[in-house]
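User: I would like to learn how to read a protein model, one feature at a time. Could you give me the general idea each time and then the case at hand?

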Amino acid sequence: MTQWGSCSLGEQGYSAIQILRHFYGDSIYINTAEQIQGIPASWPGYDLSIGSSGQKVQQVQEQLDAIATIYSSIPRVSPDGIFGPATQEAVMTFQSVFGLPQTGVIDFRTWYKISHIFVSVTRMAELQ
């Protein structure tokens, strides 16, 4: 919205809601939420592979495991935060199923494909 002047309004101290109301009027309804869930996190900025560990590994393991409940050819993964051979196998199978190079490494492209499919799968589950 910088092309419309929102950046300038922000620099003048307007809040995000004040900027929206500036452009759309005071009659707009803005819905708020105490907590937002289900939004996948961004790629960590580095590849995940054998030996990687931590929260980002656990997150992608949880997503792969959810995907594996729908795509049964992908092995189930235990989300322990450690990128071991079982996670690598699940990643390689995921990459094969979705037309990505089968490296077993979660790079930028694989991260976002997992994220995209995870959102699709969890949305499908909501409809059941």
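User: In which helix does Gln58 lie, and with which residues is Gln58 in touch, leaving out those up to four places away in sequence?

Analyst: Helices are DSSP runs of H or I with at least four residues, strands are runs of E with at least two, and both are numbered from the N terminus. In this predicted model, Gln58 belongs to helix H3. Contact means heavy atoms within 4.5 Å, and, not counting residues up to four places away in sequence, Gln58 touches Pro79 and Gly81. The C-alpha atoms of Gln58 and Pro79 are 5.2 Å apart in space, although the two residues are 21 residues apart in sequence.

User: What should I know about the model before I trust such values?

Analyst: The model is predicted, with local features needing pLDDT of at least 70 and side-chain atom pairs counting only at pLDDT 80 or more, while totals for chains, interfaces and linings use all residues. Residues are numbered from 1 along each chain as its sequence is written, and side-chain values use heavy atoms, with hydrogens and water left out.

User: Is Gln61 buried or exposed, and what does the side chain of Gln61 reach?

Analyst: Three classes are used here: buried is under 20% relative accessible area, exposed is over 50%, and partly exposed lies in between, with a 1.4 Å probe and protein chains only. Gln61, which is also placed in helix H3, counts as buried because its relative accessibility is 1%, whereas Gln58 at 32% counts as partly exposed. The side chain of Gln61 reaches the backbone oxygen of Ile82 at 2.9 Å. Leaving out residues up to four places away in sequence, Gln61 touches several others, including Val77, Pro79, Phe83 and Thr87.

User: How many salt bridges are there, and which residue pairs with Arg76?

Analyst: Side chains of opposite charge can pair when their charged atoms come close. The rule for a salt bridge asks for a side-chain nitrogen of Lys or Arg within 4 Å of a carboxyl oxygen of Asp or Glu, and by this rule the count is one. Arg76 pairs with Asp65, and their closest N and O atoms are 2.7 Å apart. Arg76 lies in the loop between helix H3 (55–68) and helix H4 (85–97), while Asp65 lies in helix H3, so the pair ties together parts that are 11 residues apart in sequence. Arg76 is exposed, with a relative accessible area of 52%, whereas Asp65, at 15%, counts as buried.

User: Which residues touch the most other members of the largest nonpolar core?

Analyst: In soluble globular proteins, nonpolar side chains tend to be buried together. A nonpolar core is a set of buried Ala, Val, Leu, Ile, Met, Phe, Trp, Tyr and Cys residues joined through side-chain atoms within 4.5 Å. The largest one here has 20 residues, and those touching the most other members are Leu48, Leu64, Ile67, Ile74, Phe94, Ile106 and Ile114. At least two residues of this core come from each of H3, H4 and helix H5 (108–127). Ile114, leaving aside neighbours within four places in sequence, is in contact with Val60, Gln63, Leu64, Ile67, Phe94 and Ile106.

User: Which residues form a nonpolar patch on the surface?

Analyst: Residues in a patch have over 30% relative accessible area and no salt bridge, with like charges joined within 9 Å and nonpolar side chains (Val, Leu, Ile, Met, Phe, Trp, Tyr) within 5 Å. Accessible areas come from the Shrake-Rupley method with a 1.4 Å probe, and for residues only the protein chains shown count as cover. The patch is formed by Trp4, Leu20 and Tyr24, which together have about 330 Å² of accessible area. Tyr24 has its place in helix H2 (residues 16–24) and, at 47% relative accessibility, counts as partly exposed.

User: How many helices and strands does the chain have, and what percentage of the residues count as buried?

Analyst: The chain has five helices and zero strands, and 27% of its 128 residues count as buried. The chain exposes about 8200 Å², of which carbon and sulfur atoms supply 52%.

Conventions: A polar contact is a pair of N or O atoms within 3.5 Å; within protein, one must be able to donate a hydrogen and the other to accept it, and residues adjacent in sequence count only if both atoms are side-chain atoms.
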